[in-house]
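Student: I have a structure to look at and I am new to it. Can we go through it by question and answer?

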Amino acid sequence: MLKNALLALLTLVIAIGGGAASVWAVLENGTPKSALHAGPWTAFPHTATAQKNPYFLARFAREGAITLGPGEGVVFTASNDTNGRPLTRSCTYEIAGVMPAARIWTLHAIDERGRLLPRLGRRLPGLHSRTVLYQPDDAVSIIVSAHPMPGNWLPLAGTGPMRLVLTLLDTPLATGQLMSELTFPEISRVDCNA
Amino acid sequence: MRKVLYASALGIIGAGIVHIVILLLLPAYSEQAAWTGDSSAASNIPLPLENSEGGAASSNPFIKAAACRFDLADSALHVQAPETAIPFWSMAVYDGKGLNQFSLNNRTTNRATLDFLLVNPSQTQRLKAGIPAAFAQSHFVETKSEEGIAVVRAFVPDTTWSGLADSFFAGLRCEPAHLD
């Protein structure tokens with residue numbers, strides 16, 4: 001009798017726990033069909049086909065945010081660097097490479113709950129295409145750090161994990177250009193404060 | 001031992017069912033949280049969307065946004081803003097679930113000012129009979145959803161643009177438009 005009860009309990013634990021955990025895992029990491037991946041960057045553009053995907057709908061409902069429409073732009077986020085290590089505010093990162101085609105791009109840092117990081121003094125934790133210095137080949141090199149840096153510096157304040165958000169305003173990506181035709185910058189860790 | 005294996009197999013099938021049920025119920029339950037917050041509709045002044053709301057798009061410090069709710073059952077919605085030198089502005093229309101129905105930016109319109117008339121299919125039919133003079137210059141946007149929100153966004157490169165952005169949003173109006 002007790003044995004049967006334990007077996008029933010095992011079945012229920014696997015069913016409920018496994019079912020909930022698998023939904024959570026899929027929504028956290030994104031599904032191959034609805035997400036765009038480019039190195040460390042991931043985006044969930046609001047195309048008409050994506051809006052029929054139940055995984056996309058569940059993810060969108062859970063975030064509860066009003067995202068950009070395809071005619072406005074596409075938002076990419078990165079939680080890890082190019083080597084797959086989680087981004088943290090105690091490390092210095094270099095974002096290097098050519099930005100994807102867009103009329104305007106912006107880059108800013110958010111905390112784990114999706115809020116903009118606090119300002120460092122008067123400086124916003126963000127940069128955009130009109131404030132950065134470009135190299136002759138159109139590439140950019142942006143240092144993301146809590147310490148002042150020469151060149152393009154994205155200042156970090158506080159401690160804990162963070163995510164980087166790359167917003168492409170008015171991009172051909174939203175109107176069907178293939179991801180493979182676009183270049184994305186790499187995020188490499190320079191060093192860390194222990 | 002066989003019984004444990006049997007129970008585990010049953011559990012895995014159950015996990016699949018639970019996975020599908022949670023997935024399909026999520027939008028229905030979260031919809032409440034996202035859309036019942038402030039339902040005092042029918043205001044002509046668009047509500048500013050705060051940057052602190054969270055989410056990758058709305059946390060952007062360089063984008064200011066304002067939204068108005070609409071209900072097209074009685075009248076169309078006229079969204080209008082003064083001409084501006086802001087380098088980028090856009091408008092997006094979302095249905096009651098928050099799904100994007102329509103979006104464009106200032107380069108994809110052929111006129112420099114934001115002037116849209118949101119209509120439902122029956123109002124489109126009325127417009128085909130004759131466009132009222134007041135809306136002769138407007139862009140017509142037909143939405144399948146009767147209720148939803150229209151969001152206007154503007155790119156504010158730095159604080160020197162704040163004044164321009166403020167006057168753009170101060171002049172932004174969402175007015176019910178009667179077509180007859």
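Student: Which backbone oxygen lies 3.0 Å from a polar atom of the side chain of B:Thr143?
Tutor: Keep in mind that this is a predicted model. B:Thr143 sits in the loop between strand E7 (139-142) and strand E8 (147-155) of chain B. A polar atom of its side chain lies 3.0 Å from a backbone oxygen, that of B:Ser145.

Student: Is B:Thr143 buried or exposed?
Tutor: Leave aside neighbours within four places in sequence, and B:Thr143 still contacts B:Leu72, B:Val93, B:Leu118, B:Val119, B:Asn120 and B:Pro121. Its relative accessible area is 2%. Buried means under 20%, so B:Thr143 is buried.

Student: Which residues of helix H2 (residues 121-129) of chain B are buried, and why are they on the same side?
Tutor: The buried residues cover an arc of only 105° around the axis, so they fall on the same side of H2(B). What covers them includes strand E3 (76-80), strand E6 (115-119) and E7 of chain B. The face turned away carries the exposed residues B:Gln125, B:Lys128 and B:Ala129. The buried ones are B:Gln123, B:Thr124 and B:Leu127.

Student: What area is buried between chain B and chain A?
Tutor: The contact takes 49 residues from chain B and 52 residues from chain A. In chain B, B:His19, B:Leu23 and B:Phe62 lose the most area to chain A, together 14% of what that side buries. Carbon and sulfur atoms give 71% of the buried area, which is about 4100 Å².

Student: How many residue pairs are in polar contact between chain B and chain A?
Tutor: Salt bridges are counted as well, and between these chains there is one. For polar contacts, both residues must have pLDDT 80 or more. The count is 16 residue pairs.

Student: Which element gives the largest share of the side of chain B that touches chain A?
Tutor: Four elements give two or more residues to that side: helix H1 (2-35), strand E4 (89-95), strand E5 (100-105) and E8 of chain B. By class, that side has 29 nonpolar, 16 polar and four charged residues. The largest share is 18 residues, and it comes from H1(B).

Student: Which side chain meets that of A:Glu72 in a salt bridge?
Tutor: The structure holds five salt bridges over all chains. This one crosses between chains, from the loop between helix H2 (54-63) and strand E3 (73-78) of chain A to strand E8 of chain B. A:Glu72 is buried at 0% relative accessibility, and its partner is buried too, at 6%. The N to O distance is 2.8 Å, and the partner is B:Arg153.

Student: How many residues apart are A:Arg103 and A:Asp170?
Tutor: Their side chains meet in a salt bridge (2.8 Å, N to O). A:Arg103 is in the loop between strand E4 (91-97) and strand E5 (104-110) of chain A, and A:Asp170 is in the loop between E9 and E10 of chain A. The pair links distant parts of the chain, 67 residues apart.

Student: Which residue forms a salt bridge with B:Asp166?
Tutor: B:Asp166 lies in helix H3 (residues 162-170) of chain B and its partner in strand E2 (residues 63-71), so the pair ties together parts 102 residues apart in sequence. B:Asp166 is partly exposed at 41% relative accessibility, and the partner is partly exposed at 34%. The closest N and O atoms are 2.9 Å apart, and the partner is B:Lys64.

Methods
Residues numbered from 1 in each chain as written. Chains lettered and ligands numbered in written order. Predicted model: local features only at pLDDT ≥ 70, side-chain atom pairs only at ≥ 80, totals over all residues. Heavy atoms only, no water. Buried < 20%, exposed > 50% of the residue type's maximum accessible area, 1.4 Å probe, protein only. Polar contact = N/O pair within 3.5 Å; in protein donor to acceptor, adjacent residues only side chain to side chain. Contact = heavy atoms within 4.5 Å. Buried area = accessible area lost by both parts, 1.4 Å probe. Salt bridge = Lys/Arg side-chain N within 4 Å of Asp/Glu carboxyl O. Nonpolar A, V, L, I, M, F, W, Y, C, P; charged D, E, K, R; others polar. Arc of directions from axis to C-beta.
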